[in-house]
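Biologist: I would like to go through this model and ask what stands behind each label. Please show it first.

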Amino acid sequence: LPPDHPRIRFPAREGRSPGLLASSALFGFFISWCIALLATPLARRAGVAMGWRDRPDDAHKGHHAARPYAGGLAVLTAIVLSLLAIRIAFADYARVLGDFLLAVGPGALLIAAVGLLDDVRGCRPTEKLVVQAVGVLLFQTSAFALGLTGATTAQTPVILAGAILLNTWMLGLTNSMNLIDGMDGLAAGLAASSAIGIGMMAVIAGDPAVAVCAAILAGASLGFRRSNRVPARIYLGDGGSLLLGFGLAATGATLWLRNPSPAQGVALILMAWVPLLDTGTTILRRLASGVALFQADRDHLHHRLLARGAGTRKVGRQLIGLNVLGVLAGLAVFSGAPPTLLIALIIAASFGALRAALPLQVTKPVPRQTASAVPVESRPNAQEILPDSPLRDRSCERDYRPKCRGAKGKGVRMGTT
């Protein structure tokens, strides 16, 4: 495509000011946040009514009470309604936003559907991976067909050379959000920080479609996180985590396809530093230990930090804060700062996380004691039993009444793959 193609350099071509672009992104963020706040309690009730619950077990899962994992419905509802509101309120962006959604929408809906199916009936990891690969190929094919790339003929070798890396990055980020969704509020907080960073990159680059969609992803994540904080009342499930992961991957990939360069690729990796760090160390650990790549365990980054004695809230703040540092470093690289120094700084800031993640031995799960396994004389009194303890009476969990919502449990779960 020529550099002055109407789908490239939107503000300069069509007279759109940076102020209007920032206003549309902020509007999308606020609308998505409000809708997610309202939709999440409704999704929780629907999940309870339909029996979509993540039930604890003694082998891998660390939470003690069943919770509905219908969060994907709330996130998807917030995204769809927010996009409709943007198209009505900002008619100037209707065409470019429509082209972007034609490229991203089919793959996103396909991946969200297989995630919801896995939540309800269960799917094999290989089946989910194949569907994700189809979704990524649909996105890339549609992006080229609709002219969403800004590459010139001279940049074609760069596109071809980076195609494999781009596919790996998109699949890796999509699954990273699923793998790290093992602790209350963690995945939603990481997705929000990464989406805000990608949205700021899009505003700097003058890309309204990516800026608005990234802002909507951030708003939906934060709105859902209100009900997902410790103690969580609802979980994202595979439907929500895979949808957020693919949304982040598609928006970031679109920015790279418009102006492919190594520096921009480094910036996008830094935007999702913590999820990619967790996935990379997990894969290395399983390969070094001879464990199947798709076998579930409790050896993710947050699990290992919790095993060192840190509390759930502290671990969540540390990992989300580390991801925010990665986002700031990515913005600096995107703006022209030397990437080598910034990468060294973010690795140094990740010393604590790397120290916990680098031991390449898979930890064997320790079965949790049940009430029947505890001697009667050593059991605590009724007043001493924690609200989310495995020894407590769980008759109230059937309808999730308020006295169950206030339970301050450990809020730790296991990634699904």
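Biologist: Where is the place of Pro231?

Modeller: The model is a predicted one, and in it Pro231 sits in the loop between α8 (208–228) and α9 (237–258). A cis peptide bond joins Val230 to Pro231.

Biologist: What is omega for the bond that joins Val230 and Pro231?

Modeller: Omega is about -5° there.

Biologist: What does the protein chain hold in helices and strands?

Modeller: The protein chain has 16 helices and two strands. Of its 417 residues, 53% are buried. Among contacts between residues at least 6 apart in sequence, 79% join residues at least 24 apart.

Biologist: Why is the aromatic pair of Phe30 and Trp33 called tilted?

Modeller: The ring centres are 6.3 Å apart, and the cut-off for a pair is 6.5 Å, so the two rings count as a pair. The angle between the planes is 40°; stacked would need under 30 degrees and edge-to-face over 60, therefore the pair is tilted.

Biologist: What separates Phe30 and Trp33 along helix α2?

Modeller: About one helical turn separates them, because they are three residues apart in α2 (residues 18–50).

Biologist: Are Phe30 and Trp33 buried or exposed?

Modeller: Neither label fits. Phe30 has a relative accessible area of 47% and Trp33 is at 33%. Buried requires under 20% and exposed over 50%, so Phe30 and Trp33 both count as partly exposed. The structure holds three aromatic pairs, and ring pairs also link Phe27, Phe90 and Tyr93 into a cluster.

Biologist: How do you know that Val80 counts as partly exposed?

Modeller: Val80, in helix α3 (residues 71–89), has a relative accessibility of 39%. That value falls between the limits of 20% and 50%, so the label is partly exposed. Val80 and Ser32 are 48 residues apart in sequence, yet their C-alpha atoms are 8.9 Å apart in space.

Biologist: What makes Thr279 buried?

Modeller: Its relative accessible area is 9%, and the limit for buried is under 20%, so Thr279 qualifies. Thr279 is part of helix α11. Leaving aside neighbours within four places in sequence, Thr279 is in contact with Ser176 and Leu179.

Biologist: Which residues have the most contacts inside the largest nonpolar core?

Modeller: Trp169, Met170 and Phe246 do, in a core of 94 residues. Not counting residues up to four places away in sequence, Trp169 touches Leu248, Ala249, Gly252, Ala253, Leu268, Ile269 and Leu276.

Biologist: What is there to say about the largest pocket, and which residues lie nearest its centre?

Modeller: The largest pocket contains about 960 Å³ of space. Its lining has 34 residues, and Thr168, Trp169, Leu171, Gly172 and Leu276 lie nearest the centre.

Biologist: Which helices each supply at least two residues of the lining of the largest pocket?

Modeller: They are α5 (125–145), α6 (156–179), α10 (262–271) and α11 (273–289). The largest share, 12 residues, comes from α6.

Biologist: How many residues of each class are in the lining of the largest pocket?

Modeller: The lining has 19 nonpolar, 13 polar and two charged residues. Gly counts as polar in this scheme, so Gly172, one of the residues nearest the centre, belongs to the polar class.

Key:
Residues are numbered from 1 along each chain as its sequence is written. This is a predicted model: local features need pLDDT of at least 70, side-chain atom pairs count only at pLDDT 80 or more; totals for chains, interfaces and linings use all residues. Side-chain values use heavy atoms; hydrogens and water are left out. On a 1 Å grid over the protein atoms alone, a cavity is a set of points where a 1.4 Å probe fits but cannot get out, and a pocket is an open set with protein on both sides within 12 Å along at least five of seven lines; lining residues have an atom within 4 Å of a point. Grid points are joined across faces, edges and corners, and a volume is the space filled by probe spheres set on the points. Helices (H or I, at least four residues) and strands (E, at least two) are DSSP runs, numbered from the N terminus. Rings of Phe, Tyr and Trp (its six-membered ring) pair if their centres lie within 6.5 Å; planes under 30 degrees apart count as stacked, over 60 as edge-to-face and the rest as tilted. Buried means under 20% relative accessible area, exposed over 50%, partly exposed in between (1.4 Å probe, protein chains only). Contact means heavy atoms within 4.5 Å. A nonpolar core is a set of buried Ala, Val, Leu, Ile, Met, Phe, Trp, Tyr and Cys residues joined through side-chain atoms within 4.5 Å.
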